[in-house]
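Me: I have a structure here that I'd like to go through with you. Can we take it piece by piece?

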Amino acid sequence: MIGLVELLQALVRIPSPNPPGDTRAIAAYIAGVMRDAGCAVTTPSPEQKQEAVNVIAVVGSGDPVIMLHAHIDTVPIDANERMKWSTDPYAAVVQESRVYGKGSVDDKAPLASMMRAVLHAAETPEALRGTLVLVAAAEEEVGGRLGTRWLADNGYLPQCDFIIVGEQTFNRVATAHKGVMRATIRTTGRSVHATNPDRGVNAITAMARIVLALEGYHRRLSERVHPMVGVPTCNVGVIRGGSTANAVPDTCEIFLDRRMIPGENPEVVQQEMIEVVTSTAVDPAEAWIGDFLLSDWYSSTVDSPLAQSFLACVRDELGAEPGPVGYLPGSDAKHLKGIVRGEMVIFGPGSYEVAHGFDEYVEIAELQATASILRRFVDATLFTG
Ligand SMILES: [Zn+2]
């Protein structure tokens with residue numbers, strides 16, 4: 001079997017930045033490794049984006065069904081970031097007991113660990129009591145709609161008793177992440193020459209009132225607290241309006257990011273945002289809110305025997321409390337809610353704070369712990385005699 005670090009290096013050396021999100025090369029590599037080990041492998045991709053190839057590798061049959069999920073795309077590297085890298089981001093250089101490279105921790109470290117766990121199971125398939133499914137998914141970095149969501153909606157994924165979604169949790173077991181609601185707000189006024197602004201209607205002034213109302217809304221949200229992921233938030237990230245200092249601007253727009261905690265109903269959240277806008281006095285300007293874009297939250301319990309067994313494997317390996325903890329960024333877990341009849345956790349080495357930036361790395365010792373935990377878990381749950 002290919003070594004863990006060697007496997008991670010091979011994965012990093014096949015670039016898979018998204019955009020553009022072409023995962024054909026890395027998917028072909030993963031599919032080849034898993035097929036050679038005797039897994040049943042499929043490589044589906046959606047009609048709308050045929051170069052976004054996913055890999056599904058299955059070993060064993062029957063219950064329980066356990067899924068190991070990681071994404072194979074990475075964020076892209078722009079020219080600015082490329083200059084900051086100390087190594088070639090696709091060389092997978094080993095330095096200071098770390099593997100450096102784009103995707104080294106997000107998400108090829110969990111992926112390599114998961115591949116090794118499935119390869120281990122595939123060595124003695126006749127002794128396996130249950131099904132182990134590896135999903136190497138495209139499109140996570142752009143929301144997963146044509147990746148994991150597409151796989152789940154089109155019948156490519158089985159109902160699972162336990163799912164591990166590989167992301168960066170310092171090898172702790174995360175059971176919740178926030179969701180996001182994006183929106184656009186536009187104010188419309190009337191443009192006149194700035195020599196007599198009172199004859200016009202200033203769209204920026206109107207928007208200023210809405211921005212302050214949104215700040216108040218953000219403060220009120222802190223009364224809602226989730227034990228794992230904290231409070232919901234509302235952030236105005238972009239404002240655009242006007243064209244010159246000597247005219248009254250007739251349009252202004254802002255882009256909002258509203259983070260939802262598990263349990264918040266997206267329809268209610270949308271209604272709250274609409275109310276903030278409609279209850280703010282901007283007359284005679286007009287205000288509009290729309291372009292709502294939802295990325296759902298996720299949360300799970302860890303009560304089942306499978307989840308408890310996984311927590312025990314983490315505890316035994318780390319000699320520390322495994323969690324559960326929260327995970328601040330989003331993940332593909334939100335797309336898997338419909339295929340999990342048991343429970344689902346997020347787990348993997350490293351920190352999301354070193355992902356998505358220059359000199360991304362994974363500590364080799366942490367990577368080895370991830371792989372060891374997954375192997376223990378496979379042994380404990382699928383090789384039970
Ligand atoms: Zn990731």
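Me: Where is Ser300 found?

Reply: Ser300 is in the loop between β13 (298-299) and α8 (305-318). Helices (H or I, at least four residues) and strands (E, at least two) are DSSP runs, numbered from the N terminus. This is a predicted model: local features need pLDDT of at least 70, side-chain atom pairs count only at pLDDT 80 or more, and totals for chains, interfaces and linings use all residues. Residues are numbered from 1 along each chain as its sequence is written, and side-chain values use heavy atoms, with hydrogens and water left out.

Me: Does Ser300 count as buried or exposed?

Reply: Ser300 counts as buried because its relative accessibility is 19%. Buried means under 20% relative accessible area, exposed over 50%, and partly exposed in between (1.4 Å probe, protein chains only).

Me: Which residues is Ser300 in contact with, leaving aside neighbours within four places in sequence?

Reply: Thr175, Glu343 and Met344. Contact means heavy atoms within 4.5 Å. For Met344, the backbone nitrogen lies 3.2 Å from a polar atom of the Ser300 side chain.

Me: Next topic, the metal. What are the protein donors of the zinc ion?

Reply: His71 (NE2), Asp106 (OD) and Glu167 (OE), with Glu167 (OE) listed twice, lying 1.9 to 2.7 Å from the zinc ion. Donors are N, O and S atoms within 2.8 Å of the metal (3.2 Å for Na, K and Ca); water is not among the atoms, so sites may look incomplete.

Me: Why is the arrangement irregular?

Reply: The 4 donor atoms subtend angles of 51 to 150 degrees around the zinc ion, and therefore the arrangement is irregular. Four donors count as tetrahedral if all angles lie between 85 and 135 degrees; four count as square planar and six as octahedral if opposite donors are over 155 degrees apart and all others between 65 and 115; anything else is irregular.

Me: What spacing do the donors follow along the chain?

Reply: H-x34-D-x60-E. Asp106 lies in the loop between β5 (98-100) and α4 (108-123), and Glu167 in the loop between β7 (160-166) and β8 (174-177), so the pair ties together parts 61 residues apart in sequence. Asp106 counts as buried at 5% relative accessibility, and Glu167 is buried with a relative accessible area of 3%.

Me: Now the sheets. Which strands form the open sheet of 3 strands?

Reply: The order is β4-β5-β16, with antiparallel pairing. β4 and β16 (361-363) stand at the edges with a single partner strand each, so one side of each is left without a neighbour in the sheet. Two strands pair if DSSP finds at least two bridges between them. Between β5 and β16 there are 3 bridges, and Val99 stands opposite Val362 in β16.

Me: What about β2, how many bridges join β2 to β6?

Reply: 7 bridges join β2 to β6 (residues 130-137), and the two run antiparallel. Ser61 stands opposite Gly130 in β6. β2 (residues 55-61) also pairs with β1 (residues 40-42) in the antiparallel sense, over 3 bridges. The bridge partner of Ala40 in β2 is Val58.

Me: And the whole chain, how many helices and strands?

Reply: The protein chain has 9 helices and 16 strands. Its C-alpha trace spans about 85 × 45 × 40 Å along the principal axes. Buried residues make up 52% of the 385 residues.

Note on methods. A polar contact is a pair of N or O atoms within 3.5 Å; within protein, one must be able to donate a hydrogen and the other to accept it, and residues adjacent in sequence count only if both atoms are side-chain atoms.
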